[in-house]
Amino acid sequence: MREPLPETPAAVCVGEAMIMLAGETGVPLADVESFRRSVGGAECNVAGGLAALGIATGWISRLGDDGFGAHVLRDLQGRGVEVGGVELDPDRPTALYAKESRDGHTRMHYYRTGSAAAAMDPAFLDRPAVQKRLANAELVHTTGITVAISDSAAQMVEQLGAQPRNYLLSVDLNWRPVLWRDKDPEPLWRVLRAADVVLIGADEALVFAGTNDPAELHERLGGRCTLVVKNDAHTALVLEPDGRRTEVPALTVDVVEPVGAGDAFAAGFLAGTLQGLPMKQRLRLGHLNAAAVLAVPEDHAAPLELGVRERLLTCSDEEWAATKIGVT
């Protein structure tokens, strides 16, 4: 029987969860007869990944007081995530998205306008259940998606960065152009500049900021954060406030489905941060966590076995480069 989850977890993730409906592979969405249901959303993916790595983790958000919201809560609790700070909305629904996989491509169809999570606002942070969890957190993680889902949610995330805090604020850019259509991204810039840890993909940085040069990005963010730049399947690089630079190549993986790998990397890197690992090992743990998700069709996966992780975290660079995941 699982032990009760702590009401004051070390890591707290703030953002929207959605029900993911995956259609049959190779079938157009219009012709899908049945869907496989699971739970998705960047911040709850990271929360589940942190919990799986042994970090006491909570997820804070709003859900519709509906069957889908109840499923999200059960799913996250089953993965070891504390959800006592979640607020249920009797009027607004839990968001959905459908995954369409055909012709070698995966396309997401989102149904999140007017969702319960989009109604989050600065006052949401004043709820006693939320205040208690934030006051005791060592790390709070969110993403640019939460900034984008509504003006009120953007104001809430800005307050997370502006208010006095004892926690590290981590923000993953997670740039979604469709969510920013006809919107000014300046609030997202303000959130990123307020963060202590910024995770960003090199490809999305080029679109969002017009550059993917780590040094230039670090300077444009104010230079005070720990910046993690992920270059898809090739490498991940960290620039620290004091100028130290650490780079670790990704592992070779038989990729089944790429969705969720970025969140898994974030969970691994942040878990390593909370565990006080050397920077090289934080990046390796991020890569190991991402590799586990890349090798399955779901948005999240169990981490690699503990003994395997511990061996690879400390192996030589040559052994690391020769490691293959999911390859027979």
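These are my notebook entries on two sheets, a few helices and one threonine in a predicted model.

**Entry 1: the sheet of 4 strands**

I started with the open sheet of 4 strands, and I read its order as E3-E2-E8-E9, with mixed pairing. Then I looked up its edges: strand E3 (36-40) and strand E9 (105-111) sit there, each pairing on one side only. From one strand to the next, the twist averages 25°.

Next I checked what packs on this sheet. I found helix H2 (residues 67-78), which touches strand E2 (18-22), E3 and E8. The direction of H2 makes about 70° with that of E3.

How do E8 and E9 run, and how many bridges join them? They run antiparallel, and I noted 7 bridges between strand E8 (residues 95-102) and E9. I also picked out one pair to find on screen: lysine 99 has methionine 108, in E9, as its bridge partner.

**Entry 2: the sheet of 9 strands**

I moved on to another open sheet, this one of 9 strands, again with mixed pairing. Its order took me a while to trace: E6-E4-E1-E10-E11-E12-E13-E14-E15.

Which strands stand at the edges here? They are strand E6 (81-82) and strand E15 (245-249). Each has a single partner strand, so one side of each is left without a neighbour in the sheet.

I then looked for a helix on this sheet and got helix H7 (residues 202-209), which packs on it. H7 touches strand E11 (168-172), strand E12 (197-201) and strand E13 (226-231). The direction of H7 makes about 95° with that of E12.

Back at the E15 edge, I saw that strand E14 (residues 235-239) and E15 run antiparallel and are joined by 5 bridges. Valine 238 stands opposite threonine 246 in E15.

**Entry 3: threonine 146**

I picked threonine 146, which lies in helix H4 (residues 144-148). Is threonine 146 buried or exposed? I put it down as buried, because its relative accessible area is 1%, and the cut-off for buried is under 20%.

What does threonine 146 touch, leaving aside neighbours within four places in sequence? My list includes Val14, Gly15, Glu16 and Glu43, and also Met120 and Met156. I checked valine 46 too, 100 residues away along the chain: the C-alpha atoms of valine 46 and threonine 146 are separated by 14 Å.

**Entry 4: helix H10**

Last, I went to helix H10 (residues 279-294), which has 16 residues. From first C-alpha to last, H10 reaches 23 Å, close to the 22 Å expected. H10 is mostly covered, with 15 of its 16 residues buried.

Definitions and conventions:
Residues are numbered from 1 along each chain as its sequence is written. This is a predicted model: local features need pLDDT of at least 70, side-chain atom pairs count only at pLDDT 80 or more; totals for chains, interfaces and linings use all residues. Side-chain values use heavy atoms; hydrogens and water are left out. Helices (H or I, at least four residues) and strands (E, at least two) are DSSP runs, numbered from the N terminus. The expected span of a helix is 1.5 Å times one less than its number of residues. Buried means under 20% relative accessible area, exposed over 50%, partly exposed in between (1.4 Å probe, protein chains only). Contact means heavy atoms within 4.5 Å. Two strands pair if DSSP finds at least two bridges between them. Axes are lines fitted to C-alpha atoms, for helices over the stretch in contact, and angles run from 0 to 180 degrees between N-to-C directions.
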